[in-house]
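Student: I would like to take a close look at one part of this structure and then see how the rest is arranged around it. Please take your time with the answer.

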Amino acid sequence: MIFVTGGAGFIGANFVLDWLAQGDEGVVNFDKLTYAGNVNNLAALQDDPRHVFVRGDIGDGEHVLALLREHQPRAIVHFAAESHVDRSIHGPAEFIATNINGTFALLEAARAYWSALDAAGKAAFRFLHVSTDEVYGTLGPDDAPFTETTAYAPNSPYSASKAASDHLVRSYHHTYGLPTLTTNCSNNYGPYQFPEKLIPLILANAQAGKPLPIYGDGRQVRDWLYVADHCAAARRVLDAGVPGETYNVGGWNEMTNLDVVHTLCDILDSLQPKADGGSYRSQIAYVQDRPGHDRRYAIDARKLERELGWRPAETFETGIRKTVQWYLDHPDWVADVQSGAYARWVETNYVHRGDVR
Ligand code: NAD
Ligand code: DAU
């Protein structure tokens with residue numbers, strides 16, 4: 001049995017679905033179901049006895065500890081977080097509460113559970129902390145990609161809160177010997193991503209005939225990784241990672257935001273042509289930039305490849321086609337998550353950026 005936090009969110013749900021598709025070991029899926037958590041993502045597991053879903057907050061250490069004692073997992077895989085940079089700019093408090101204090105409470109519960117295991121259980125236990133490349137800050141155009149030894153320099157409340165959680169995890173290994181592992185991954189894309197993030201937002205707006213908002217000049221660079229490749233990396237690190245180590249995860253696929261949006265428009269043009277015969281590119285709208293916007297992220301994932309033999313299976317070309325097709329095939333999923341709360345977020349985030357709704 002493993003204990004997954006945040007398993008109703010984008011990456012967590014993909015991870016749980018992949019995990020149960022690959023083996024028989026069960027999952028306790030612990031998720032608060034914030035705006036970003038969606039039980040529909042787990043609909044395929046409704047009658048699966050290997051999947052135990054529990055609604056709860058990682059900040060509630062007593063709840064977590066009781067579940068750990070009840071289910072006796074051999075590992076915790078920690079995805080739960082507030083994850084959207086723009087939301088952290090509008091309201092950082094939730095990011096401090098969940099990403100820092102929540103991770104602290106989870107670590108305390110893990111430590112109490114782990115300390116009571118016998119020697120074999122202690123040695124086998126793992127706490128895998130899923131983090132981000134954003135903790136390293138921003139790169140210039142000619143800088144080398146981030147490695148595991150790049151100094152932390154987080155620039156947004158989101159990345160600062162993730163950096164703080166990474167440091168806590170590190171300290172629990174160093175001080176208490178808790179067998180922790182940390183992964184720092186680049187931008188994920190794929191099925192079940194909430195349409196506040198660039199790729200699903202552009203796909204949803206394109207189909208709705210709405211503007212496609214590009215922050216600033218659109219020349220910011222991100223490294224993109226298909227979500228199933230991130231899930232495979234997490235499984236590999238859980239299996240073979242060395243406690244106390246951190247591993248960068250990336251797709252070797254740097255692209256400007258503008259190139260990503262052009263690619264999405266071109267795929268949509270071929271799969272679902274606009275009624276007027278024009279291109280979706282005509283909907284692109286340049287809007288006010290994100291405050292403190294990091295210019296470039298790039299990940300050097302050679303340690304994970306060299307030491308654990310992981311490489312991404314998808315290229316951006318194959319992964320993005322699958323992704324666009326998934327969103328075209330699941331209009332109900334998109335409609336469902338575009339709830340009242342989502343509509344209010346669009347008002348908050350985009351209204352001042354140039355009236356893009
Ligand atoms: P998401 O926002 O889609 O999902 C987060 C999940 O965590 C949701 O199901 C939510 O309900 C749950 N959650 C939030 N607060 C909680 C709390 N206090 N207690 C329990 N559950 C809570 O996020 P995501 O994009 O799937 O990201 C998952 C993890 O991966 C995060 O830690 C994020 O920092 C990291 N990460 C994301 C990316 C990316 O591109 N999305 C890249 C690298 C790392
Ligand atoms: O790098 C990993 C990180 O990737 C994760 O840790 C975060 O959880 C995840 O949200 C993501 O952060 P980004 O800020 O890079 O992702 P987002 O999809 O919000 O934005 C991608 C880029 O696109 C970024 O440069 C901002 C830009 N953008 C975004 C939106 C939502 C736009 O130009 N227009 C938009 O409307």
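Student: Which residue follows helix 7, and is its phi positive or negative?

Tutor: The model is a predicted one, and in it helix 7 is followed by Gly 209, whose phi is positive, near 75°. The helix that precedes this glycine spans residues 198-207, and because eight of its ten residues are buried, the rest of the structure largely encloses it. The buried positions are Ile 199, Pro 200, Leu 201, Ile 202, Leu 203, Ala 204, Asn 205 and Ala 206.

Further along the chain, strand 9 is also mostly covered, with six of its six residues buried. Val 221, Asp 223 and Leu 225 point one way from this strand, while Arg 222, Trp 224 and Tyr 226 point the other way, and the residues of both groups are buried. Strand 9 pairs with strand 7 in the parallel sense over three bridges, and within that pairing Trp 224 of strand 9 is the bridge partner of Asn 187. Strand 9 is also joined by three bridges to strand 11 (residues 254-256), and here the two strands run antiparallel; in this pairing Arg 222 stands opposite Met 255 of strand 11.

Trp 224 also leads to the aromatic contacts, of which a search of the whole structure finds 19 pairs. One of them joins Phe 95 and Tyr 158, whose ring centres are 6.3 Å apart and whose planes stand at 85°, so this pair is edge-to-face. Because Phe 95 belongs to helix 4 (residues 93-115) and Tyr 158 to helix 6 (residues 157-176), the contact ties together parts that lie 63 residues apart in sequence. Phe 95 and Tyr 158 are both buried. Trp 224 itself forms an edge-to-face pair with Tyr 189, with 6.4 Å from centre to centre and 70° between the planes. That pair links distant parts of the chain, since Tyr 189 is in strand 7 (residues 187-189) and Trp 224 in strand 9 (residues 221-226), 35 residues apart. As with the previous pair, both partners, Tyr 189 and Trp 224, are buried.

Other rings are grouped or capped by charges. Tyr 136, Phe 146, Tyr 152 and Tyr 297 form one aromatic cluster. The charged end of Arg 111 sits over the ring of Tyr 176, at 3.9 Å from its centre, and the charged end of Lys 303 sits over the ring of Tyr 247, at 4.8 Å from its centre.

Tyr 158 appears again when one turns to the ligands. Among the 28 residues around ligand 1, those that come nearest are Ile 11, Asp 31, Ser 83, Tyr 158 and Lys 162. The side chain of Tyr 158 places an N or O atom 2.7 Å from an oxygen atom of ligand 1, whereas Ile 11 approaches an oxygen atom of this ligand through a backbone N or O atom, at 2.7 Å. A backbone N or O atom of Leu 33 lies 3.4 Å from an oxygen atom of ligand 1.

Around ligand 2 there are 23 residues, of which Thr 132, Asp 133, Tyr 158, Arg 290 and His 293 come nearest. Thr 132 uses its side chain, in which an N or O atom is 2.7 Å from an oxygen atom of ligand 2. Ser 83 lies 2.7 Å from an oxygen atom of ligand 2 through a backbone N or O atom, and Tyr 215 likewise offers a backbone N or O atom, at 2.9 Å from an oxygen atom of this ligand.

To finish with the wider setting, seven strands form an open sheet with parallel pairing, in the order 3-2-1-4-5-6-10. Strand 3 (51-55) and strand 10 (246-249) stand at its edges with a single partner strand each, and therefore one side of each is left without a neighbour in the sheet. Neighbouring strands of this sheet are turned against each other by 20° on average, direction ignored. Inside that order, strand 4 (residues 75-78) and strand 5 (residues 126-132) pair in the parallel sense over four bridges, and Val 77 has Leu 128 of strand 5 as its bridge partner.

Methods: Residues are numbered from 1 along each chain as its sequence is written. Chains are lettered from A and ligands numbered from 1 in the order in which they are written. This is a predicted model: local features need pLDDT of at least 70, side-chain atom pairs count only at pLDDT 80 or more; totals for chains, interfaces and linings use all residues. Side-chain values use heavy atoms; hydrogens and water are left out. Two strands pair if DSSP finds at least two bridges between them. Axes are lines fitted to C-alpha atoms, for helices over the stretch in contact, and angles run from 0 to 180 degrees between N-to-C directions. Rings of Phe, Tyr and Trp (its six-membered ring) pair if their centres lie within 6.5 Å; planes under 30 degrees apart count as stacked, over 60 as edge-to-face and the rest as tilted. Buried means under 20% relative accessible area, exposed over 50%, partly exposed in between (1.4 Å probe, protein chains only). A charge sits over a ring if NZ of Lys or CZ of Arg is within 6 Å of the ring centre and within 35 degrees of the ring normal. A residue is near a molecule or strand if one of its heavy atoms lies within 4 Å of it. A polar contact is a pair of N or O atoms within 3.5 Å; within protein, one must be able to donate a hydrogen and the other to accept it, and residues adjacent in sequence count only if both atoms are side-chain atoms.
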